[in-house]
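Subject: Handing over a structure

Dear colleague,

I am passing on to you the structure shown below, together with an account of what was found in it. Please look it over first and then read on.

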Amino acid sequence: MSGRGPGFVVLYRWRLHPGREEAFIEAWSRITAHYLEKGSLGSRLHRGSDGLFYGYAQWPSDAARQQAFAEAGDPADAEQMRSAVAERFPEIRLESVSDYLVLPGAGETG
């Protein structure tokens, strides 16, 4: 197990319009798949007990993220996601200093 994780992580937070959650999740999933092909180290989406949706994306570096964003995916996906958002909060940029997250199924064989 490593003590350090990915070099660069961004935390996102959104308040969604009521009834638009599924549309948001669908668009977020397609956008995330696109960025996985462009060098992302993965992303997760969570619903908080406060009603907000939280996402975080892992990248090898900020430069890798910027390069991937220069090759945006389907604009319809971005619009579908945007239209579901009632309020978007500023992103939070994080640098991993210690990481002991265990991924389900990691290291399993067979």
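A residue is called buried here if its relative accessible area is under 20%. By that definition, buried residues make up 30% of the 110 residues in the protein. Please keep in mind that this is a predicted model, and that the values below are computed from it.

To begin with the overall picture, the protein has three helices and four strands, which follow one another along the sequence in the pattern β-α-β-β-α-α-β. The C-alpha trace spans about 40 × 35 × 35 Å along its principal axes, and the accessible surface comes to about 7,000 Å², of which carbon and sulfur atoms account for 54%. If one takes the contacts between residues at least 6 apart in sequence, 77% of them join residues that are at least 24 apart. As for charge, there are 12 positive and 15 negative side chains, and the centres of these two sets lie 4 Å apart.

The four strands form an open sheet in the order β2-β3-β1-β4, with antiparallel pairing. Its edge strands are β2 (43-47) and β4 (85-94), each of which pairs on one side only, and neighbouring strands are turned by 15° against each other on average, direction ignored. Helix α1, residues 21-37, packs on this sheet and touches β1 (8-16), β2, β3 and β4, with its direction making about 165° with that of β2. Helix α2, residues 62-69, also packs on the sheet, where it touches β1, β3 and β4, and its direction makes about 55° with that of β1.

Strand β3 deserves a separate paragraph. Five bridges join β3 (residues 53-59) to β2 in the antiparallel sense, with Arg47 standing opposite Phe53 and Arg44 standing opposite Tyr56. The hairpin of β2 and β3 has five residues between the strands, and within this hairpin Gly51 takes a positive phi near 90°. With β1, strand β3 pairs over seven bridges, again antiparallel, and Val10 stands opposite Ala57 of β3.

Which side chains of β3 are buried, and which are not? They alternate along the strand: Phe53, Gly55, Ala57 and Trp59 point to one face and are buried, whereas Tyr54, Tyr56 and Gln58 point to the other face and are not. Ala57, which stands opposite Val10, thus belongs to the buried face, while Tyr56, which stands opposite Arg44, belongs to the other.

With kind regards

Conventions. Residues are numbered from 1 along each chain as its sequence is written. This is a predicted model: local features need pLDDT of at least 70, side-chain atom pairs count only at pLDDT 80 or more; totals for chains, interfaces and linings use all residues. Side-chain values use heavy atoms; hydrogens and water are left out. Two strands pair if DSSP finds at least two bridges between them. Helices (H or I, at least four residues) and strands (E, at least two) are DSSP runs, numbered from the N terminus. Axes are lines fitted to C-alpha atoms, for helices over the stretch in contact, and angles run from 0 to 180 degrees between N-to-C directions. Contact means heavy atoms within 4.5 Å. Buried means under 20% relative accessible area, exposed over 50%, partly exposed in between (1.4 Å probe, protein chains only). Accessible areas come from the Shrake-Rupley method with a 1.4 Å probe; for residues, only the protein chains shown count as cover. Lys and Arg count as positive and Asp and Glu as negative; His and the chain ends are not counted. The place of a charge is taken as NZ of Lys, CZ of Arg, CG of Asp or CD of Glu.
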